[in-house]
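Work through the exercises below with the model open. Each task is followed by its solution.

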Amino acid sequence: MTQSIEPHFRRLLVTGGAGFIGSCFVRDRMARRDGTQIVVLDKLTYAGNRANLAAVEADPEQAARFRFVVGDIADSHIVAPLVAEADAVVNFAAESHVDRSILEPVDFLRTDVLGVHVLLEACREQQARALAGDRASAPRLLQVSTDEVYGSVETGESREGDRLEPRSPYSSAKAGGELLARSYFVTYGLDVVITRGSNTYGPFHHPEKLIPLFITNAIDDQQLPLYGDGLQRRDWLYVADHAGAIGHVLEHGRSGEIYNVPAANERTNRDVVAALLERLGKPWSLVRTVADRPGHDRRYAMDGTKLAALGWKNAMPFEEGLAATVDWFRDNEAWWRPIKSGQWEEYYRRQYSARLANSRDAG
Ligand code: NAD
Ligand code: TDX
């Protein structure tokens, strides 16, 4: 069952909009000055940071079209009235770090599965209102998913119809969320679209992830914990390209469809680390081989034909994007230093102390 698609969504509810990719989406969309109104709903977990939206809140014209609500997507009392006022919901909210999902999976189930369910139910309520003539149409929900739902792909490229074989608590929870979202399209005719983005990098990236962790550690001449042989492969997508692709699918994607968002920048972790060290002028001797991530996916790679046919093309070449990212972290210590303190230290100890104590030269 397909529904007609509105050409433009003027009132957006952006959940998880204080995180890395969500905040880029909000900043870029607001900077267009096209009248779009955005409400961000964000729980401000350790990964959420209102400073990521400072540019929006400091600009009077943008601030007048913007509202920030602190709250949980799994809380229907907060979600329902916000969805009632939205033409579309873009769901970035998630627990997003694989290593944390291995340490403690439960929050991943709550946010990445049950949270999506609460958003879907709120959309369904609005669909009923639309059918009763109380609003023009039901809201569209865009669920931001990930290439990790395909599992480890040794060769070739995943296509949207391929089997899902998630292998970590994180990717399993993300698969659960998107399957549930699609089931609401099939069962209730809800206007749902899904994106599966690849490994994203850029400014405002939380320093728990590979690229920002290694940049910020290297700035401080700290060791860089490389898991296993470091020959795992990822396809690196610049954050503004990922956010742009999501906006494009929101506007043009066909209801019920799933769109891969690849980057065509496949690199081994070793190559990525060598490139960022070179840009920083820091030595390879900082890199330490440490115990591997359990169940570590060897490779992700996706086919992007479907998104290309919809008219989307990435703009940022990897070398340029990585250089811009390294420079941003070098110039924005005031952003990342506070994040790497307090509760961060406990996480870092848990994740890396034993690994680094038993590490060896990375060759
Ligand atoms: P992030 O961890 O930087 O941000 C997540 C945001 O969601 C934070 O602001 C956090 O406070 C908020 N949040 C968490 N739980 C919440 C809840 N219960 N209610 C409301 N807000 C909550 O993540 P990111 O890297 O920006 O990823 C955004 C989305 O994109 C996620 O759904 C992730 O699975 C997906 N994704 C990420 C990548 C990547 O490489 N970073 C790649 C593909 C897909
Ligand atoms: O300390 C590290 N050492 C290391 O070798 C860290 C944090 C990572 N790695 C490796 C693991 C991966 O092979 O680097 C690679 C990238 O790791 P992450 O930055 O943790 O990303 P990944 O696990 O690939 O997942 C990311 O891309 C898909 C995002 O975190 C997910 O939210 C997204 O869905």
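**Exercise 1.** Determine the handedness of the crossing of H6 and H7, then describe their packing.

*Solution.*
1. The crossing of H6 and H7 is right-handed (the near helix is turned clockwise from the far one by less than a right angle; anticlockwise would be left-handed).
2. The axes of H6 (residues 106-131) and H7 (residues 169-188) come within 8 Å and cross at roughly 15°.
3. H6 and H7 are therefore roughly parallel (angles under 35 degrees).
4. Contact means heavy atoms within 4.5 Å. Among the contact residues are Phe108, Leu109 and Val113 of H6, and Tyr170, Ala173 and Gly177 of H7.
5. By class, this contact has eleven nonpolar, three polar and four charged residues.

This is a predicted model: local features need pLDDT of at least 70, side-chain atom pairs need pLDDT 80 or more, and totals for chains, interfaces and linings use all residues. Residues are numbered from 1 along each chain as written, chains are lettered from A and ligands numbered from 1 in written order, and side-chain values use heavy atoms, without hydrogens and water.

**Exercise 2.** Classify the aromatic pair of Phe25 and Phe92, and place both residues in the chain.

*Solution.*
1. Rings of Phe, Tyr and Trp (its six-membered ring) pair if their centres lie within 6.5 Å; planes under 30 degrees apart are stacked, over 60 edge-to-face, the rest tilted.
2. The whole structure holds 15 aromatic pairs.
3. Phe25 and Phe92 are 5.4 Å apart centre to centre, with 50° between the planes: tilted.
4. Phe25 sits in helix H1, Phe92 in the loop between strand S4 and helix H5, 67 residues apart.
5. Both Phe25 and Phe92 are buried (under 20% relative accessible area, 1.4 Å probe, protein chains only).

Key. Axes are lines fitted to C-alpha atoms, for helices over the stretch in contact, and angles run from 0 to 180 degrees between N-to-C directions. Helices (H or I, at least four residues) and strands (E, at least two) are DSSP runs, numbered from the N terminus. Angles under 35 degrees count as roughly parallel, over 145 as roughly antiparallel, 65 to 115 as roughly perpendicular and the rest as oblique. Ala, Val, Leu, Ile, Met, Phe, Trp, Tyr, Cys and Pro count as nonpolar, Asp, Glu, Lys and Arg as charged, and the others, Gly among them, as polar. Buried means under 20% relative accessible area, exposed over 50%, partly exposed in between (1.4 Å probe, protein chains only).
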